[in-house]
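Thank you all for coming; I would like to take a few minutes on one structure and walk through its interior and then its pockets. Please have a look at it first, and then I will begin.

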Amino acid sequence: MIKEYKFKVVLLGDQGVGKTSIIDRYVNNRFKDKYQPTLGVDFLIKDIELNDAKIKLIIWDIGGEIQWRNKLNLYLNGADSAIIVFDLTRADTFKSLKFWHEKVLKIAGRIPYIFVGNKMDLEKNRNVSLSQVTTFIKRKSYPLYLETSAKSGEKIQKLFLRITEEMLRFKEKKNK
Ligand code: G3D
Ligand code: MG
């Protein structure tokens with residue numbers, strides 16, 4: 001029997017890390033060099049099939065404006081997973097992971113999440129080392145980490161596959 005699921009996935013992270021670009025690459029398979037900053041909240045839908053299940057991913061994108069930080073409750077409410085993104089070329093966005101991760105735990109609870117270092121194509125401008133990332137995520141209960149490029153598309157499919165597998169596993173565990 002085919003099972004059907006509807007999952008809410010939220011992307012978090014500082015402005016400019018590539019949240020909108022990652023979603024655009026995944027859902028529309030394209031990349032723009034110029035993105036309008038996201039205003040407020042937006043979402044896109046992607047239907048996939050995995051392990052005999054039909055899954056509707058509702059992927060939420062958020063604007064970076066500070067005032068939206070006050071609306072994080074609404075954004076994170078009912079989320080089935082979180083993708084927490086930083087920019088490999090900007091160390092300040094890596095430092096913010098702690099802030100975003102705490103918000104997820106506080107508002108959405110113990111849902112699956114993954115940390116993502118985006119813009120891996122800009123290798124020459126890299127400012128966050130793998131060992132810094134490893135040290136940070138080792139202290140977490142859910143140490144999933146991937147490096148992606150929305151520009152080249154590298155690891156974008158893998159990212160959503162990975163988090164979807166985690167959500168399925170999490171759901172099945174809860175239903176037992
Ligand atoms: P946000 O939604 O997190 O705020 P955006 O970030 O998706 O709007 O991306 C911010 C800028 O980073 C955009 O450029 C976008 O083209 C660029 N970008 C996103 N992902 C990548 C990537 O993987 N590699 C590279 N090289 N650039 C990326 P602009 O020029 O509009 O600021
Ligand atoms: Mg955006």
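When I speak of a contact, or say that one residue touches another, I mean heavy atoms within 4.5 Å. I should also say at the outset that this is a predicted model.

Let me start with Phe160, which sits in helix 6, the helix that runs over residues 156–175. Is Phe160 buried or exposed? Its relative accessibility is 0%, and because buried means under 20%, Phe160 counts as buried. Which residues does Phe160 touch, once those up to four places away in sequence are not counted? They are Ile22, Tyr26, Leu57, Ile59 and Ile83. For one of these, Tyr26, we can add a distance: the C-alpha atom of Tyr26 is separated by 8.1 Å from that of Phe160, although the two residues are 134 residues apart along the chain.

From Phe160 it is natural to move on to Leu57, one of the residues it touches. If we leave aside the neighbours within four places in sequence, Leu57 is in contact with Phe7, Val9, Tyr26, Leu44, Ile45, Lys46, Ile48, Thr164 and Met167, as well as with Phe160 itself. Leu57 also appears, together with Leu12 and Ile83, among the residues with the most contacts inside the largest nonpolar core, a core of 54 residues. The element that gives the most to this core is strand 3, residues 53–62, with seven residues.

Now to the pockets. The largest pocket holds about 450 Å³ of space, and of the 26 residues that line it, the closest to its centre are Gly16, Gly18, Ser21, Tyr35 and Lys119. Helix 1, residues 19–28, and strand 3 each supply at least two residues of this lining, with the largest share, three residues, coming from helix 1. Sorted by class, the lining of the largest pocket has eleven polar, eight charged and seven nonpolar residues.

The second largest pocket has about 170 Å³ of space, and it is lined by 13 residues, of which Thr20, Asp24, Tyr35, Asp42 and Asp61 are the closest to its centre. Here helix 1 and strand 2, residues 41–50, each supply at least two lining residues, and helix 1 again has the largest share, in this case four residues. By class, the lining of the second largest pocket divides into six charged, four polar and three nonpolar residues.

Terms used. Residues are numbered from 1 along each chain as its sequence is written. Chains are lettered from A and ligands numbered from 1 in the order in which they are written. This is a predicted model: local features need pLDDT of at least 70, side-chain atom pairs count only at pLDDT 80 or more; totals for chains, interfaces and linings use all residues. Side-chain values use heavy atoms; hydrogens and water are left out. A nonpolar core is a set of buried Ala, Val, Leu, Ile, Met, Phe, Trp, Tyr and Cys residues joined through side-chain atoms within 4.5 Å. Buried means under 20% relative accessible area, exposed over 50%, partly exposed in between (1.4 Å probe, protein chains only). On a 1 Å grid over the protein atoms alone, a cavity is a set of points where a 1.4 Å probe fits but cannot get out, and a pocket is an open set with protein on both sides within 12 Å along at least five of seven lines; lining residues have an atom within 4 Å of a point. Grid points are joined across faces, edges and corners, and a volume is the space filled by probe spheres set on the points. Ala, Val, Leu, Ile, Met, Phe, Trp, Tyr, Cys and Pro count as nonpolar, Asp, Glu, Lys and Arg as charged, and the others, Gly among them, as polar.
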